[in-house]
Amino acid sequence: MFENLKAQPADKILALMQAYREDPRDTKIDLGVGVYKNAEGVTPVMRAVKAAEQQIWEEQESKSYVGLVGDPAYSDAMIKLILGDSVARENVGAAATPGGTGACRQAFELIQMASPDARVFVSNPTWPNHISILNYLGMETVPYRYFDSETRGVDFDGMIEDLKTAKAGDVVLLHGCCHNPTGANLNLVQWQEVVDLINAQNLVAMVDIAYQGFGDGLEEDAQAVRLVASSVKECLIAASCSKNFGVYRERTGLLMAVSNDSSQTALNQATLAFLNRQNYSFPPDHGARIVTTILNDDALRADWMAELEDVRISMLGLRQQLADELQRLTGSDRFGFIAQHRGMFSRLGTTPELVEKLRAEHAIYMVGDSRMNIAGLNAQTVPILAKAIVDAGV
Ligand code: LMR
């Protein structure tokens, strides 16, 4: 049997992580995988996470199973964090999942169950694993224009034109904030236009929100997903705590199925439980318990928010420093978009050949589509990157 296996394409982001690890040069700079790093290059355990873990260690009496959709207190706290008061709790079915990837996977499977012929419209570009999982499940994807390679902003006219070709029942996959991989985002007026189009054409919205708090702020970054949830007939929302709580390896995510008809919620909820049971039974609990502990404790929550805000501000500072440095070196504003982008990433908008040149000659690692993880920089490496970008002829 095993001889029938075929080698699968390597995930580009994870392959880059490995190549970086193996590079012996001590000047190397890692702008690859989407993991936050502080100025010392460390991905710290957040203070509130440490404190919550301590509390759990002291109080937890059992490691027995929790429930197929996880602890309801986790769902409640996360729904509140993401959706605020935009929709009533009774309109939301929710299940804990192994990370945001697990939430996406379960969402895609739900779509396939409910609507086998639905096509999934994905931004061009999107997080590569969206496409990879959809292909693996045999689901049809349709790219919609998103990134304007001239301005490095959103090609909004192109996006709308492409979404207009969607048929009733097709799914539109959107990034709730901090678009991965480009860093270019819609404004709220544009979001409203997308929502109107979704409603006019009877499309299904799916929002992936993995970086809440990394863009314009915790509340600000939730505005788009709240607008979608409160304006459409139904939507799916895949959320991740990996980045904003820094609990990457704990695999902590949530899938929400929101319907404007609350009589639908019981079936949605039961379906999410069924899907969990089929794929991995009970979702991981430790990360979810940390998150719940933090969100339900005023002091821990305040400390978490303060630390997250520091992270956000430091990334904005690095963006500005890089844009300024490039301005100084080139005498032009053509890299000003780096300061405008939001979230962990910016797409430089250069060729794979120049990305490879940066890696080979300057030990700078960014994803082949020229996605840079801004958090991989610090005040000392920004000028090195800027000079390399200019020297490489980007
Ligand atoms: C990324 O885009 O780098 C992260 O979401 C990590 C991953 O799993 O790809």
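Helices (H or I, at least four residues) and strands (E, at least two) are DSSP runs, numbered from the N terminus. The model is predicted: local features need pLDDT of at least 70, side-chain atom pairs count only at pLDDT 80 or more, and totals for chains, interfaces and linings use all residues. Residue numbers start from 1 along each chain as its sequence is written.

**View 1. An open sheet contains 7 strands.** Their order is 2-8-7-6-5-3-4, with mixed pairing; two strands pair if DSSP finds at least two bridges between them. Strand 2 (92-97) and strand 4 (141-145) are at the edges with a single partner strand each, so one side of each lacks a neighbour in the sheet. From one strand to the next, the twist averages 25 degrees; axes are lines fitted to C-alpha atoms, for helices over the stretch in contact, and angles run from 0 to 180 degrees between N-to-C directions.

**View 2. Strand 6 (residues 204-209) and strand 7 (residues 234-240) run parallel.** They are joined by 5 bridges. M206 is placed opposite L236 in strand 7.

**View 3. Helix 3 (residues 72-83) lies across strand 2, strand 6, strand 7 and strand 8 (253-259).** The helix runs at about 110 degrees to strand 2. Contact between two residues requires their C-beta atoms, placed from the backbone, to lie within 7 Å.

**View 4. Domain 1 (11-45 + 300-392) and domain 2 (65-296) divide the chain.** Their bounds come from an automatic or database domain assignment. The contact takes 28 residues from domain 1 and 30 residues from domain 2.
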